[in-house]
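Student: Could you take one part of this structure and go through it closely, starting from how two packed helices sit against each other and then moving outward to the surroundings?

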Amino acid sequence: MDQRHDQIEGNSEPSHSFGQVSHLALDIGGTLIKVVYFSTSRDDCIDHEGDSSANNTLGVSKSGKHILEGRLHFAKFETRNINDCLEFISSKKLHLGGFQRCRNLAKDKNLIKATGGGAHKFAELFREKLGIDLDKEDEMDCLVAGANFLLKAVHREAYTYVGGEKEFMQIDQNDLYPYLLVNIGSGVSMIKVDGDGKFERVSGTNVGGGTFWGLGRLLTKCKSFDELLELSYRGNNRVIDMLVGDIYGGMDYSKIGLSSTTIASSFGKAVSDYKELEDYKPEDVARSLLRMISNNIGQIAYLNALQFGLKRIFFGGFFIQGQPYTMDTISVAVHFWSKGEAKAMFLRHEGFLGALGAYVSYAKNRLDDLVCNESIQIPVSASYAADPKYNPRNADLNDNESMQCSVYTA
Ligand SMILES: Nc1ncnc2c1ncn2[C@@H]1O[C@H](COP(=O)(O)OP(=O)(O)O)[C@@H](O)[C@H]1O
Ligand SMILES: CC(C)(COP(=O)(O)O)[C@@H](O)C(=O)NCCC(=O)O
């Protein structure tokens with residue numbers, strides 16, 4: 001048996017063991033590193049057309065392409081803790097790949113697809129610590145490729161969020177373009193997508209996820225992003241935000257379509273109240289901040305959609321993280337400004353667009369193709385649960401998933 005295979009399996013109980021790991025891809029952003037990799041597992045072994053050779057996860061399709069069945073795994077780390085990510089990759093031997101056991105495609109085993117600014121910034125570190133070269137892919141190319149892949153290949157990927165309810169969208173592949181992709185990472189990029197590889201970054205804003213996390217940390221003294229979010233759920237923004245009703249004596253300003261509860265000025269009450277930061281509850285501050293930033297992004301997104309005549313806006317990036325209040329504020333902003341004409345849509349794998357784009361870019365070189373059979377909500381931590389060396393503090397996996405899929409190799 002292949003030694004590499006042994007080493008990977010050696011860390012795991014049989015029920016959750018990895019088979020081969022292949023095609024590791026990274027998106028090293030300003031705040032978070034996103035990791036995507038494919039693994040076959042014994043549970044997933046399928047012998048297509050009777051191929052019972054050494055690698056029984058590799059079958060041959062009617063078109064002559066080999067099919068490798070397995071799961072796509074997702075993980076994320078804070079960029080400031082990049083060593084945790086390096087350790088994770090190293091301990092799982094993810095960088096060594098796995099196709100060579102079955103297809104002798106080892107020639108570029110030390111070349112790992114990577115995108116995001118960190119692919120440039122940390123290239124030397126990866127070479128030094130893991131002996132791998134980062135094969136850099138452009139960040140915008142990857143965001144678009146990742147979004148197109150998810151929208152076309154993954155069932156129940158896109159959804160609207162209205163009145164606290166998720167509604168999954170049926171995406172007609174023949175009627176997908178054009179759309180606006182708004183990626184809310186540390187900063188925000190807005191990309192008009194017209195097709196596979198056909199896009200233009202039409203706008204962006206420096207007021208994004210990093211602003212929420214950075215300002216929020218300074219204002220509330222909270223220690224983690226999740227804590228800040230948690231705070232925001234308990235808060236009441238009306239304590240700090242100046243509403244139309246505060247200015248108009250409790251009345252709507254109906255002539256221009258503003259209800260009394262519309263925020264007239266985010267944080268505006270802090271001026272008239274003569275209060276200091278300590279006089280406000282951190283949860284109210286967090287709530288106002290989340291609302292201010294989400295609302296602003298929703299509005300800028302809509303204005304761009306308007307300018308380019310786009311009806312559909314997909315929001316990605318880890319700022320969203322499937323958080324109800326964030327999505328609600330963005331949805332309301334898009335609905336309000338577009339008078340119901342445009343729709344905000346969210347993606348289940350919103351934070352992994354770039355990493356998935358880097359992943360599918362392997363296809364450019366090796367003619368491999370990734371097909372998702374289905375998308376199943378399985379906590380990715382379940383894949384590691386049996387690993388005695390797995391330390392959840394190292395891999396901040398939150399509630400990510402792995403999804404079942406096939407890789408078609410030429
Ligand atoms: N665990 C976390 N730690 C830090 N930021 C987080 C976390 N989860 C979500 N976020 C939010 O996601 C943003 C980063 O999103 P991401 O799409 O990964 O961007 P980038 O590529 O710039 O790192 C942060 O600025 C923050 O608002
Ligand atoms: C520079 C970036 C593309 C980097 O991506 P990120 O790490 O934030 O995901 C992004 O932060 C951005 O688009 N910022 C907004 C810059 C602007 O248009 O004003």
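Tutor: In this predicted model, the crossing of α11 and α12 is right-handed. The contact behind that crossing is made on the α11 side by L290, R291, S294, N295, I297, G298, Q299, A301 and Y302, and on the α12 side by Y325, T326, T329, I330, A333, V334 and W337. Sorted by class, the residues of this contact of α11 with α12 comprise nine nonpolar, six polar and one charged. Two packed helices are described by the angle between their axes and the distance between the axes. Here the axes of helix α11 (residues 282-307) and helix α12 (residues 324-337) come within 8 Å and cross at roughly 40°. Because of that angle, α11 counts as oblique to α12.

Moving outward, the domain assignment of the protein gives domain 1 (3-141 + 352-409) and domain 2 (209-240 + 280-347). Four residues from domain 1 and five residues from domain 2 take part in the contact between these domains, and the side of domain 1 that touches domain 2 has two nonpolar, two polar and no charged residues.

Ligand 1 also involves both domains, since the shell around it draws at least three residues from each of domain 1 (3-141 + 352-409) and domain 2 (209-240 + 280-347). Of the 19 residues around ligand 1, those that come nearest are G29, G185, S186, G209 and F318. Helix α7 (residues 209-220) contributes the largest share of that shell, with four residues, while the shell by class holds six nonpolar, eleven polar and two charged residues.

Terms used
Residues are numbered from 1 along each chain as its sequence is written. Chains are lettered from A and ligands numbered from 1 in the order in which they are written. This is a predicted model: local features need pLDDT of at least 70, side-chain atom pairs count only at pLDDT 80 or more; totals for chains, interfaces and linings use all residues. A residue is near a molecule or strand if its C-beta atom, placed from the backbone, lies within 6 Å of it. Helices (H or I, at least four residues) and strands (E, at least two) are DSSP runs, numbered from the N terminus. Ala, Val, Leu, Ile, Met, Phe, Trp, Tyr, Cys and Pro count as nonpolar, Asp, Glu, Lys and Arg as charged, and the others, Gly among them, as polar. Domain bounds come from an automatic or database domain assignment. Two residues are in contact if their C-beta atoms, placed from the backbone, lie within 7 Å. Axes are lines fitted to C-alpha atoms, for helices over the stretch in contact, and angles run from 0 to 180 degrees between N-to-C directions. Angles under 35 degrees count as roughly parallel, over 145 as roughly antiparallel, 65 to 115 as roughly perpendicular and the rest as oblique. A crossing is left-handed if the near helix is turned anticlockwise from the far one by less than a right angle, and right-handed if clockwise.
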